[in-house]
Amino acid sequence: MNGKRAAVGAIESRKTVLFVTAPGAISGSLIYALDHEFPWLDVKQMDSVEAACVAFAFPVALILIDPGLLSTAQRMSAELTRRHPHAMIALIEPDSQNSALVFPDICESQLVRGVLPMNLRLDVWLSVVRLMLRGGEYFPVGMLQSYAHKIASAPQPALLYGENPAEKSARVDRVADLTPREMQILEMVSRGLQNKAIAAEFSLSEHTVKIHLHNIISKLGIHNRTEAAARYRDHQAGRIRITSANPG
């Protein structure tokens, strides 16, 4: 009886991992390493998002999607999450040091919760997979550093001839240039909400909210969320003044 119960328990504890990518994109050696490291996993390879939106023998714990299929996955996100409500969904990144992924787009996604680099040392790669299987989020440091460097190295508007510093300050107020999601988060920050509450409001993770805040602070050229809140209030006050001056 104990042996039978153990066998049933082993079957119930099995999980599925889906690689949604072109045929042959995942090497046989990696599949072998997954099978050896996680013998309770059932690894499946699908060549389309549609093929992943079906029931499998064991619950799906992790879905790894090719970046080229991200737009399709976003469009089918409701069906994906309905079919696999407990699955962690991440993108596969062939080369995190020379990423073709657009980092703000990943942050905007309510579907993607991480990026799995495929050029890591095998033991590190398996550790990242283990983290994701437990629901943990992972973004490559190289990708974060690359995006931060891009923002930091962006040319700043020069002081125009005859322009005083106050005019320059008004001209470089970049609040209006933030993405819609960044504006929503900045508005929440201005109301004093903390990351956990903001994440709950928009169905995001706290990690994603932190990344959005980092981007907001970098774009506005400020130092912290207090300054960000003040900048948003100044921006809103400026809009009110403009509206009041042009009531028609």
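**Exercise 1. Two sides of a helix**

Which exposed residues sit on the face of H2 turned away from its buried side? Work out both sides of the helix in this predicted model.

*Solution.*
Step 1. Start with the buried set: in H2 it consists of Leu-30, Ile-31, Ala-33 and Leu-34.
Step 2. Look down the axis. These four cover an arc of only 160° around it, so they lie on the same side of H2.
Step 3. The general rule fits in here: an α-helix has 3.6 residues a turn, so residues three or four places apart point the same way.
Step 4. Now turn to the opposite face, where you will find the exposed residues Gly-28, Ser-29, Tyr-32 and His-36.
Step 5. Finally, ask what the buried side meets: the buried residues of H2 pack against S1, S2 and H7.

**Exercise 2. The strands around H2**

Describe how S1 and S2 run relative to one another, and what unit they make with H2.

*Solution.*
Step 1. Locate the pieces: S1 spans 15-20, H2 spans 28-37 and S2 spans 41-46.
Step 2. Check the pairing. S1 and S2 run parallel and are joined by six bridges.
Step 3. Pick out one position as a landmark: Thr-16 has Asp-42 of S2 opposite.
Step 4. Put the three elements together, and S1, H2 and S2 form a β-α-β unit that is right-handed.

**Exercise 3. Finding the core**

Which residues touch the most other members of the largest nonpolar core, and which elements give two or more residues to this core?

*Solution.*
Step 1. The core has 24 residues, and Phe-19, Leu-64 and Trp-125 touch the most other members.
Step 2. Two or more residues come from each of S1, H2, S2, S3 (60-65), S4 (88-93) and H7 (122-133).
Step 3. H7 gives the largest share, six residues.
Step 4. Zoom in on Trp-125. Leaving aside residues up to four places away in sequence, Trp-125 touches Phe-19, Leu-30, Leu-34, Leu-116, Pro-117, Met-118 and Leu-120. Two of these may look familiar: Leu-30 and Leu-34 are among the buried residues of H2.
Step 5. Another core lies apart from this one; it has 23 residues, including Val-49, Cys-53, Ile-63 and Leu-91.

**Exercise 4. The whole chain**

How many helices and strands are there, and what percentage of the residues is buried?

*Solution.*
Step 1. Count the elements: the chain has 13 helices and five strands.
Step 2. Of its 248 residues, 40% are buried.
Step 3. For the outside, the accessible surface is about 14000 Å², with 55% belonging to carbon and sulfur atoms.
Step 4. Among contacts with a separation of 6 or more, 70% link residues 24 or more positions apart.

Definitions and conventions: Residues are numbered from 1 along each chain as its sequence is written. This is a predicted model: local features need pLDDT of at least 70, side-chain atom pairs count only at pLDDT 80 or more; totals for chains, interfaces and linings use all residues. Side-chain values use heavy atoms; hydrogens and water are left out. A nonpolar core is a set of buried Ala, Val, Leu, Ile, Met, Phe, Trp, Tyr and Cys residues joined through side-chain atoms within 4.5 Å. Buried means under 20% relative accessible area, exposed over 50%, partly exposed in between (1.4 Å probe, protein chains only). Contact means heavy atoms within 4.5 Å. Accessible areas come from the Shrake-Rupley method with a 1.4 Å probe; for residues, only the protein chains shown count as cover. The arc is that of the directions from the helix axis to the C-beta atoms. Two strands pair if DSSP finds at least two bridges between them. A crossover is right-handed if, with the strands pointing away from the viewer, the path from the first strand over the helix to the second runs clockwise.
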